[in-house]
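Please open the model in your viewer and keep the selection panel at hand. The tour below proceeds by selections, each followed by a description of what is there.

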Amino acid sequence: MAFERNTQETYYESIIRQGYSRRDFMKFSTYIAAYMGLETSAIGQVAKSLETTHRIPVIWEHYQECTCCSESFIRSDHPIVADIILDKISLDYTLTLMAASGHQAEAAKHATMEKYKGEYILCVEGSVPMGDDGNYCCIAGRSAKDLLIEAAEGAKAIIAWGSCACNGCVQAAYPNPTQATPIDKIIKNKPIIKVPGCPPIGEVMAGIIVHLITFDRLPELDNIGRPKAFYAKRVHDSCYRRPYYDAGLFAETFDDQNAKEGYCLYKVGCKGPMTYNSCGTIRWNNGVSFPIQSGHGCIGCSEEDFWDNGPFYERMTGLAGFGIESSADTIGKVAAGVLAGGLAAHAIAANISKRKELRDSIRTARENEKKFES
Amino acid sequence: MSSKNYKRVYVWELPVRIFHWINVLCITVLAVTGFIIADPPAILSGAEASESYWFGTVRVIHFGAAYIFFFNMILRIYWSFVGNRFAHWKSFLPFSREMRKNIKHVLKVDIMLQHDKTHDVRNISVGHNSVAALSYVALFVVALVQVFTGFGLYSDMSGWWLPDLFAWVVPLLGGDFMVRTIHHVATWVFIFFTLVHVYLVFYHDWLEGRGEVSSMFGGYKFVSEERFRKEGLADMPQKTPPAEAPKAETNPAT
Ligand code: SF4
């Protein structure tokens with residue numbers, strides 16, 4: 001059972017014990033270092049830390065979520081990822097994957113929280129409903145909010161897996177009936193790594209964990225707390241259809257000739273230009289493909305409020321609060337028309353209202369003109 | 001309102017005029033390329049991407065024009081400290097009682113088309129009238145919005161420190177979606193402004209006949225002699241420096 005695992009074993013030892021060879025281990029180190037965006041010179045460092053570091057205890061909480069992050073995680077490309085992370089990084093507590101359940105599971109969690117106070121990593125999958133005293137999500141008879149605050153107390157760092165934990169995802173979409181709240185709005189005093197995406201890419205998740213093990217500190221984060229190694233670039237900037245975008249060649253519909261040619265999906269709603277993620281480089285399912293490669297525009301799943309930001313299959317021009325059909329441009333055109341009409345009316349009114357002054361000045365000018373003739 | 005005895009006054013100095021027309025050009029180019037980027041035209045062709053780069057070029061023009069727009073704005077801010085009184089930053093906000101009175105006058109006479117009970121020649125501004133000045137302040141604010149959101153979006157693609165200065169805008173507003181929406185919507189404000197601005201220039205030119213339209217080319221406006229007399233400037237040579245014309249300080253038009 002999870003909490004009985006030998007914590008004195010290093011990652012390397014447990015990998016070898018699992019039946020992998022030293023060569024497999026080195027290949028894995030190289031592979032994960034590449035995903036983490038490290039230089040080749042750092043591979044040795046990665047291998048070394050895996051050889052010498054004892055496992056970090058991890059508590060993995062599930063709140064308002066669909067478990068797609070866990071699913072993505074266990075499908076991460078390399079078998080060692082699953083092995084070390086599920087087995088050896090040792091999820092001391094994760095509802096989905098642990099053997100224990102019920103009181104036993106809760107006991108395991110509390111044992112870890114006490115024993116490794118200040119040392120364990122808290123992974124959170126899902127948002128926390130703050131509405132109605134947090135009653136929309138209860139585990140073991142306690143609200144998610146309660147559980148999060150308790151678990152965060154002794155955590156060394158928190159990883160917010162997926163868009164739910166980072167920005168609320170679909171359950172936080174307007175009007176957000178349960179007041180689904182991302183982790184960083186509730187926990188303020190702990191370092192939080194945000195790993196948005198619905199779900200995040202498995203390799204990204206593994207890369208972040210290995211980074212924590214290897215360097216014993218958080219990966220470099222951007223202004224909103226995402227690891228720079230994976231979220232510094234827009235999908236658009238690493239998209240293989242980008243040359244079509246720059247050439248102005250766009251699919252107009254999903255079934256036209258342009259779509260068949262593999263043109264850019266910008267006009268059928270691709271959100272790649274607004275979305276920061278590594279889909280274009282790491283791709284999905286062992287690097288097989290990613291949405292754009294499969295002919296579907298990016299829906300921007302790793303961006304805040306992507307559910308509320310316009311239809312998935314149109315260029316985003318929607319304006320919240322003006323109804324679904326109206327876009328900023330429709331409103332703009334109507335307003336410009338009304339304005340032009342108003343100005344024309346003003347011009348006519350001005351000529352009527354100021355007719356006396358105008359008549360005077362025109363007369364004087366005419367007289368002046370006549371002087372030249374005489 | 002009569003067409004007699006006008007004196008020529010140098011209102012818009014050369015840098016102001018250059019600023020104005022570069023600004024016009026930039027806004028036009030930015031709006032047109034901006035709308036193309038937001039909604040590119042449909043082209044059905046069997047072309048390969050390697051054969052053209054027109055969309056990339058449109059974007060390059062947009063970014064280039066944005067830089068010119070930005071630096072032009074900076075130079076105008078500089079000039080608002082060293083330029084003449086009509087270009088001065090103080091002339092844009094209603095600090096004095098006269099300027100506030102002028103707002104009322106303009107709203108009443110030029111917007112609501114009422115008539116003043118007593119004709120006061122000083123109500124006709126030499127430089128910007130106070131309402132127009134406020135509209136330029138508003139436009140300046142919108143221009144700042146465009147600069148911040150635009151460079152914010154651009155910063156990620158650039159390695160230069162200048163756009164990088166604005167990188168914080170995107171996380172502040174919650175991501176590219178929101179920043180883009182604001183950038184797009186604010187463009188319409190420029191269009192509305194342009195409509196009203198051009199109309200009012202023609203309006204003033206037609207009703208006052210003081211060369212409102214041509215002033216932005218040559219820099220001169222015409223001010224009636226009566227005005228000079230009222231302000232006690234009748235006998236002064238036209239090139240009197242402002243310091244020696246105390247009454248002019250209270251000029252509602254400045
Ligand atoms: S398909 Fe999407 S991400 Fe790729 S180039 Fe076109 S707009 Fe950008």
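What follows is a walk through a predicted model, from one chain to the interface and then to some local features.

**Stop 1: chain B as a whole**

Begin by selecting chain B and colouring it by secondary structure, which shows 9 helices and 2 strands. Followed along the sequence, these elements come in the pattern β-α-α-α-α-α-α-α-α-β-α. Of the 254 residues in chain B, 46% are buried, and the chain exposes about 13300 Å², with carbon and sulfur atoms supplying 69% of that area. If you display contacts within chain B between residues at least 6 apart in sequence, 71% of them join residues at least 24 apart.

**Stop 2: where chain B meets chain A**

Next, show both chains and select the residues at their interface, where 50 residues of chain B are in contact with 58 residues of chain A. Together the two chains bury about 4600 Å² between them, and 59% of this lies on carbon and sulfur atoms. Which three residues supply more than any others of the area that chain B buries against chain A? Select B:Asp156, B:Phe177 and B:Tyr199, which supply 17% of that area.

Now turn to the polar side of the same interface, where there are 17 residue pairs in polar contact. On the side of chain B that touches chain A, the elements giving two or more residues are helix 1 (14–38), helix 2 (54–82), helix 3 (97–111) and helix 7 (176–208) of chain B. Helix 7 of chain B gives the most, with 14 residues. Colouring this side of chain B by residue class divides it into 32 nonpolar, 11 polar and 7 charged residues.

**Stop 3: the salt bridges across the interface**

Keep the interface in view and look for charged pairs, of which 2 salt bridges run between chain B and chain A. Side chains of opposite charge can pair when their charged atoms come close. Select B:Asp176 and A:Arg234 as one such pair, whose side chains meet with N to O at 2.8 Å. Then add B:Asp156, whose side chain also meets that of A:Arg234 in a salt bridge, here at 3.5 Å, N to O. This second pair crosses between chains, from B:Asp156 in the loop between helix 4 (130–155) and helix 5 (161–164) of chain B to A:Arg234 in the loop between helix 10 (228–231) and helix 11 (242–246) of chain A. Are these two residues buried or exposed? Both B:Asp156 and A:Arg234 are buried.

**Stop 4: salt bridges within a chain**

Over all chains the structure holds 17 salt bridges, and a few of those inside a single chain make useful selections. Select A:Arg22 and A:Glu51, whose closest N and O atoms are 2.7 Å apart in a salt bridge. A:Arg22 lies in helix 2 (residues 22–35) of chain A and A:Glu51 in helix 3 (residues 43–52) of chain A, so the pair ties together parts that are 29 residues apart in sequence. A:Arg22 is partly exposed, with a relative accessible area of 39%, and A:Glu51 is partly exposed as well, at 26% relative accessibility.

For a pair in chain B, select B:Glu208 and B:Arg210, whose side chains meet in a salt bridge at 3.3 Å, N to O; both of these residues are buried. Returning to chain A, select A:Arg142, A:Asp146 and A:Glu150 together, since these residues are linked in a network of salt bridges.

**Stop 5: backbone details in chain A**

Finally, show the backbone of chain A and select A:Tyr174 and A:Pro175, which are joined by a cis peptide bond with omega about 5°. A:Pro175 lies in the loop between helix 8 (162–167) and strand 8 (180–181) of chain A. A cis peptide bond also runs from A:Cys198 to A:Pro199, with omega near -5°, and A:Pro199 is found in the loop between strand 9 (192–195) and helix 9 (202–215) of chain A.

Two further selections have a positive phi without being glycine. A:Thr67, with phi of about 70°, lies in the loop between strand 1 (58–62) and helix 4 (68–74) of chain A, and A:Thr67 is buried, with a relative accessible area of 19%. A:Ala140, with phi near 55°, sits in the loop between strand 5 (138–139) and strand 6 (142–143) of chain A, and A:Ala140 is exposed, with a relative accessible area of 56%.

Notes: Residues numbered from 1 in each chain as written. Chains lettered and ligands numbered in written order. Predicted model: local features only at pLDDT ≥ 70, side-chain atom pairs only at ≥ 80, totals over all residues. Heavy atoms only, no water. Contact = heavy atoms within 4.5 Å. Buried area = accessible area lost by both parts, 1.4 Å probe. Salt bridge = Lys/Arg side-chain N within 4 Å of Asp/Glu carboxyl O. Polar contact = N/O pair within 3.5 Å; in protein donor to acceptor, adjacent residues only side chain to side chain. Helix = DSSP H or I, 4+ residues; strand = E, 2+ residues; numbered from the N terminus. Nonpolar A, V, L, I, M, F, W, Y, C, P; charged D, E, K, R; others polar. Buried < 20%, exposed > 50% of the residue type's maximum accessible area, 1.4 Å probe, protein only. Areas by Shrake-Rupley, 256 points an atom, 1.4 Å probe, with all protein chains shown as cover.
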